[in-house]
Amino acid sequence: MSKPEAVRGRGTVRPVRRLGDPVLRTECDPVRAFDASLERLIDDMFASMYDANGAGLAANQIGVPLRVFVYDCKDDEGRRHVGHVVNPTLVAADGDTLEEPEGCLSLPGLNFPTPRYAHAVVEGVDVKGRPVRVEGTGYFARCLQHETGHLRGQVYIDVLSGEARREAMRAIRGGRL
């Protein structure tokens, strides 16, 4: 993805944590300080996400157990959405369930058909503590559900079932990560 002008050249790329790192399985803490360190974290998250060619990134994926995620992805109508949410809550996930290929920067190289709702709404605040509401459809709804899951200590393979889950477990045990 190309970087928006607002984040181009800002932020430091941090290594993305991989499955097996305990930070990915720990529920994240709420952000309480809305200061320069939070601004730096969000800049670093964007830099890290773009460096890894991702569409979204949760703070715990770079080792910071705080409730923050960033995103840059398109919805089902091709509109690009770029932003961040601090202390997000998934307030709606509804509509048809779509099973589409999904991957994760913390499980590089793996991709499995993952069921997600076609519509999602996340509420939280921005870097200054102002309320935000983000609504998405299609791929963007998938992204919102994926990133809020990370902040609860989940990874996308947790929502898999049946053969997709068995295949994912075989890939992980087989060292394909």
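The exercises below work through a predicted model, each with a solution that goes step by step.

**Exercise 1. Pairing of the strands**

Task: Find how many bridges join strand β2 to β3, β3 to β4, and β4 to β5, and give the direction in which the partners run.

Solution: Begin with strand β2, residues 68-74, which is joined to β3 by 7 bridges, the two strands running antiparallel. Within this pairing, K74 has R80 in β3 as its bridge partner. Next, follow β3, which covers residues 80-103, to strand β4, residues 111-125, where 13 bridges link the two in an antiparallel arrangement. Two positions help to trace this pairing by eye, since L98 stands opposite R116 in β4, while E99 stands opposite P115 in β4. Finally, pass from β4 to strand β5, residues 131-137, where 7 bridges are found and the strands again run antiparallel. Here G124 is matched with V132, its bridge partner in β5.

**Exercise 2. Residues with positive phi**

Task: Locate the glycines that take a positive phi in the hairpins, and then say where N53 and N87 are placed.

Solution: In the hairpin formed by β2 and β3, with 5 residues between the strands, G78 has a positive phi near 85 degrees. In the hairpin formed by β4 and β5, which also has 5 residues between the strands, G129 has a positive phi near 90 degrees. Now turn to residues other than glycine. N53 has a positive phi near 60 degrees, and this residue lies in the loop between α1 and β1. N87 has a positive phi near 50 degrees, but N87 belongs to strand β3.

**Exercise 3. Buried, partly exposed or exposed**

Task: Decide for D126, R18 and N53 which of the three classes applies, and describe the surroundings of D126.

Solution: The first step is to recall the cut-offs, by which a residue is buried under 20% relative accessible area, exposed over 50%, and partly exposed in between. D126 has a relative accessibility of 10% and therefore counts as buried. R18, with a relative accessible area of 46%, is therefore partly exposed, whereas N53 is exposed because its relative accessible area is 60%.

The second step is to look around D126, which sits in the loop between β4 and β5. Its side chain reaches the backbone nitrogen of K128 at 2.9 Å. Leaving aside residues up to four places away in sequence, D126 touches F34, H84, V86 and V132.

The third step returns to R18, which is found in the segment before α1, the helix of residues 36-51. Although R18 and L107 are 89 residues apart along the chain, their C-alpha atoms are separated by 6.0 Å.

**Exercise 4. The largest pocket**

Task: State the volume of the largest pocket, and work out which residues and elements line this pocket.

Solution: The largest pocket has a volume of about 330 Å³. Its lining is made up of 20 residues, and those nearest the centre are A55, G103, C104, L105 and Y139. To see which elements take part, note that β3 and α2, the latter covering residues 138-151, each supply at least two residues of the lining. It is α2 that gives the most, with 6 residues. Sorting the lining by class, one finds 9 nonpolar, 8 polar and 3 charged residues.

Conventions. Residues are numbered from 1 along each chain as its sequence is written. This is a predicted model: local features need pLDDT of at least 70, side-chain atom pairs count only at pLDDT 80 or more; totals for chains, interfaces and linings use all residues. Side-chain values use heavy atoms; hydrogens and water are left out. Two strands pair if DSSP finds at least two bridges between them. Helices (H or I, at least four residues) and strands (E, at least two) are DSSP runs, numbered from the N terminus. On a 1 Å grid over the protein atoms alone, a cavity is a set of points where a 1.4 Å probe fits but cannot get out, and a pocket is an open set with protein on both sides within 12 Å along at least five of seven lines; lining residues have an atom within 4 Å of a point. Grid points are joined across faces, edges and corners, and a volume is the space filled by probe spheres set on the points. Ala, Val, Leu, Ile, Met, Phe, Trp, Tyr, Cys and Pro count as nonpolar, Asp, Glu, Lys and Arg as charged, and the others, Gly among them, as polar. Buried means under 20% relative accessible area, exposed over 50%, partly exposed in between (1.4 Å probe, protein chains only). A polar contact is a pair of N or O atoms within 3.5 Å; within protein, one must be able to donate a hydrogen and the other to accept it, and residues adjacent in sequence count only if both atoms are side-chain atoms. Contact means heavy atoms within 4.5 Å.
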